[in-house]
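Student: Please take a close look at the disulfides in this model. Tell me where they sit, and then what else in the backbone deserves attention.

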Amino acid sequence: MGLRVTSGVRRGAVALALGALVLAGAVTAPAYAAPPGSAAHAKAGPAKGATKSRTPHRLTLTSLSNPRPQLVSGGDVLASVELPAGVRGPQVRVALNGHDVTRSFVPQDDGTLVGLVTGLRAGTNWLTATARGRGSAHLLVVDHSIDGPVISGRRQAPYYCQTTAFGLPAATPPTCSVPTQVSYEYYSTDKTFKPLADPTSPPADLATATVDGQQVPYIVRLEQGTIDRAVYQIAALYDGSDPSPTAPETGWNDRLVYTFGGGCNSGYRQGTTTGGVLDDRFLSKGYAVASSTLNVLDQNCSTVISAEAAMMVKEHFAETYGAPLFTMGWGGSGGAIQQYTIADAYPGILDGIVPGISFPDALTTLGPVTDCRLLNTFFAGDGSDFTAAQRRAVAGYNAYSTCTSWDASFANRITATDSCDPVIPEDVRWDPVTNPDGVICNASMQMINQIGTDPDTGFPNMTLDNVGVQYGLQALRDGVITPEQFVRLNASIGGFDYTGKAVPQRTVASTRGLRAAYADGLASYGSQGLRDTAIIDHRQDLDSAGSLYDIHTTEWSYVTRARLLARNGTAANQVIIESQPTADQSVAADSYILDEMDAWLTRVKADPSRLPLSAKVVKDRPGTLSDGCFLSATQLVHQDLTYPATGACAAAYPVASNPRLVAGQGLMMDQLKCRLTPLRRSAYPVSFTDDQWARLQAAFPTGVCDYRLPGVGERAPIAPWLSYGSDPDAVHGPVPVRAP
């Protein structure tokens with residue numbers, strides 16, 4: 001499908017309207033023309049397990065495996081035929097590209113016909129349903145390779161296969177594909193999963209699961225294979241028969257949990273872990289669980305690629321088990337980044353999300369991460385006289401160990417090769433002298449289809465910037481640090497060059513990269529799909545853990561809330577639940593959150609009103625669900641959580657800050673690069689000597705951040721569901737029309 005972008009849209013970014021056939025002339029006509037009077041687009045059909053709210057007035061064809069039938073993959077599609085009053089199933093005929101496929105369709109309890117249609121040809125297909133005397137319905141289906149890409153654009157190379165980490169056969173680049181394998185696990189009475197060679201012979205220590213109030217054998221069907229160059233996994237209770245998309249499994253509760261893994265790194269590899277699918281929290285209650293290696297941000301720091309992988313795996317799940325009533329996202333840290341960004345930029349993949357120890361997006365988070373590396377260097381040198389309390393005040397965190405942890409864990413993600421995974425051979429890695437065209441492990445390499453590369457260096461266009469940032473400003477205002485310390489800090493802090501090397505100059509972002517990042521929704525905006533999404537943000541308290549995990553500080557949950565409030569006028573679709581990371585509180589919090597999210601999404605799906613989805617999500621939130629915190633495993637206190645917080649939750653879970661908030665940035669933290677205003681002595685509540693003022697002017701020759709203004713390049717995203725083409729050997733769309 002040759003997508004071309006009309007004037008005003010950046011290279012590679014194509015807005016795919018929800019189910020639309022053409023984009024105002026941006027898409028050429030399909031080779032197989034639609035019959036006269038045919039439907040030019042598909043509407044969303046009833047999900048498996050849902051109750052139809054009305055009888056259609058005409059015959060209707062819908063894609064169930066992917067609501068956007070122009071994005072299906074793998075040669076098949078799960079479709080539904082809705083029948084108008086007076087039409088019975090035997091009267092309907094369905095054809096694929098003129099060939100009868102009626103036998104694939106099975107009557108359902110809700111009156112529809114559902115069928116798995118196989119044999120799609122690559123590219124354009126037409127599915128047609130007819131009923132004598134009652135007209136016809138037509139559905140355009142565009143099929144893509146199961147190896148991808150579908151929307152993510154030009155593929156990264158080299159790419160290293162890692163299928164053997166899952167017990168699958170060795171694979172060959174660039175697709176790294178292997179045949180699908182099915183195995184079985186059972187949950188033992190000792191509370192562990194164990195391999196099961198023969199699911200027809202239950203072991204003596206087999207536990208039971210409870211689905212819809214009924215106890216069933218706790219045997220799990222585990223499917224593994226490759227989709228979109230990733231290893232995917234699907235787990236669901238096994239009832240003794242092969243799953244079918246037209247006959248529901250008795251052990252499945254019609255709901256899907258999609259899990260996401262943490263981190264953030266450059267990719268070039270398939271990965272050795274998924275978000276995890278053998279999870280008793282979900283399987284014991286009848287949920288199916290799915291994930292893939294490209295849904296682990298440490299193996300793929302691209303939310304666009306993650307969205308594509310989730311879309312394709314979810315499609316395959318629907319074609320195996322049936323379309324879920326709803327899909328719930330689950331995962332922490334980088335897994336939370338994926339949920340927030342996918343829900344906003346690619347709405348519909350996830351109906352509700354449970355981001356744990358969350359960050360809003362990778363680009364916003366990167367500022368404080370790299371600030372910590374600069375601060376650590378400063379405090380080890382020119383700032384060695386700063387006390388522990390002063391260092392903590394400049395960093396903003398409850399414990400300065402958070403900065404130490406950021407430096408040790410993720411600050412190297414901006415470097416050329418320091419974060420390369422061991423699977424990437426040393427001799428293929430970038431070197432300025434011996435291998436200038438080698439692999440660059442900067443995490444932003446995963447985003448080059450969006451932000452582009454600097455033609456002079458070959459590195460990604462930089463979105464990181466600290467020009468004009470007044471480190472320690474709030475600490476100065478509070479009298480915690482002296483004017484001399486403030487001047488010395490900002491004169492000495494420095495920045496990074498394009499290779500991630502520390503340099504005396506401040507870090508300067510690429511204007512082109514910034515504009516693209518905002519336009520393409522890489523910085524979570526909050527007013528696209530996120531306003532239509534049910535959110536329970538689970539904030540486990542790690543702020544003062546004194547370990548690498550204490551990077552997950554609480555203020556980030558409120559950053560996302562601030563964006564929702566500013567863009568939508570409400571954040572009522574986001575609930576924040578705080579808890580301690582102890583085993584008993586984790587169990588209690590997860591159980592509460594899972595049950596409440598299930599109830600919330602079930603109510604939304606059953607809501608027959610004509611309200612917009614965003615209004616339904618707010619209206620249908622259960623009365624038992626609201627902000628709060630666990631004071632113990634048995635005591636959940638409900639109270640509205642704000643920043644800065646007050647009350648019992650604030651006392652138990654103190655919310656602090658970070659280096660950019662201390663420097664004066666607002667809670668939304670949406671300026672990746674600030675606009676500048678001239679230095680003014682009257683802006684400070686302290687007096688500087690003439691020498692100090694001269695040094696401060698030298699530190700900020702172009703001015704200091706004015707966070708009252710939008711950031712450089714800041715704008716609303718172009719649209720949800722941007723595509724970067726499906727041809728791995730071409731980038732679709734013209735050269736950027738915006739000035740560099």
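Tutor: The disulfides come first, then one buried residue, some backbone details and the confidence.

This is a predicted model, in which local features need pLDDT of at least 70 and side-chain atom pairs count only at pLDDT 80 or more, while totals for chains, interfaces and linings use all residues. Residues are numbered from 1 along each chain as its sequence is written, and side-chain values use heavy atoms, with hydrogens and water left out.

The structure contains six disulfides. A disulfide here is a pair of cysteine sulfur atoms within 2.5 Å. Count the bonded cysteines along the chain and the pattern reads 1-2, 3-4, 5-6, 7-8, 9-10, 11-12. Three of these links follow in detail.

Take Cys264 and Cys301. They are joined by a disulfide, with an S to S distance of 1.9 Å. The torsion about their S-S bond is about -85°, so this disulfide is left-handed. The pair links distant parts of the chain, 37 residues apart. Cys264 is in the loop between β17 (255-259) and α1 (280-283). Cys301 is in the loop between β18 (288-292) and α2 (303-321). Helices (H or I, at least four residues) and strands (E, at least two) are DSSP runs, numbered from the N terminus. Cys264 and Cys301 are both buried. Buried means under 20% relative accessible area, exposed means over 50%, and partly exposed lies in between (1.4 Å probe, protein chains only).

Next come Cys420 and Cys441. Their sulfur atoms lie 1.9 Å apart in a disulfide. This link is right-handed, with 100° about the S-S bond. Cys420 lies in the loop between α6 (401-409) and α7 (448-451), and Cys441 also lies in the loop between α6 and α7, so the pair ties together parts that are 21 residues apart in sequence. Cys420 has a relative accessible area of 10%, so this residue is buried. Cys441 is buried too, at 0%.

The third link runs from Cys629 to Cys649. Its S to S distance is 2.1 Å. The link is left-handed, with -95° about the S-S bond. Here the two cysteines sit in regular elements: Cys629 in strand β25 (residues 628-632) and Cys649 in helix α14 (residues 647-652). They are 20 residues apart, and the pair links distant parts of the chain. Both Cys629 and Cys649 are buried.

Now turn to Val467. This residue lies in the loop between α7 and α8 (473-477). Its relative accessibility is 16%, so Val467 counts as buried. Which residues does Val467 contact, leaving aside its neighbours within four places in sequence? They are Arg506, Thr507, Val508, Lys673, Cys674, Leu676, Thr702 and Cys705. Contact means heavy atoms within 4.5 Å. Val467 and Gly703 are 236 residues apart in sequence, yet their C-alpha atoms are 8.6 Å apart in space.

The backbone has some details to check. Gly148 and Pro149 are joined by a cis peptide bond, with omega about -5°. Pro149 is in the loop between β10 (136-144) and β11 (181-187). A cis peptide bond also runs from Ala157 to Pro158, with omega near 0°. Pro158, too, has its place in the loop between β10 and β11.

Two residues that are not glycine have a positive phi. For Ile357, phi is about 30°. Ile357 sits in the loop between β20 (352-356) and α4 (362-379). Its relative accessible area is 15%, so Ile357 is buried. For Met669, phi is about 50°. Met669 sits in the loop between α15 (659-662) and β27 (676-677). At a relative accessible area of 2%, Met669 is buried.

Last, the confidence. pLDDT is the predictor's confidence in each residue, from 0 to 100. The chain averages 90, and 91% of the residues score at least 70. Residues 1-53 stay under 50, and the model has 124 contacts for them beyond four places in sequence. Residues 731-740 are also below 50, with 35 contacts in the model beyond near neighbours in sequence. Where pLDDT is low, the predicted coordinates should not be read in detail.
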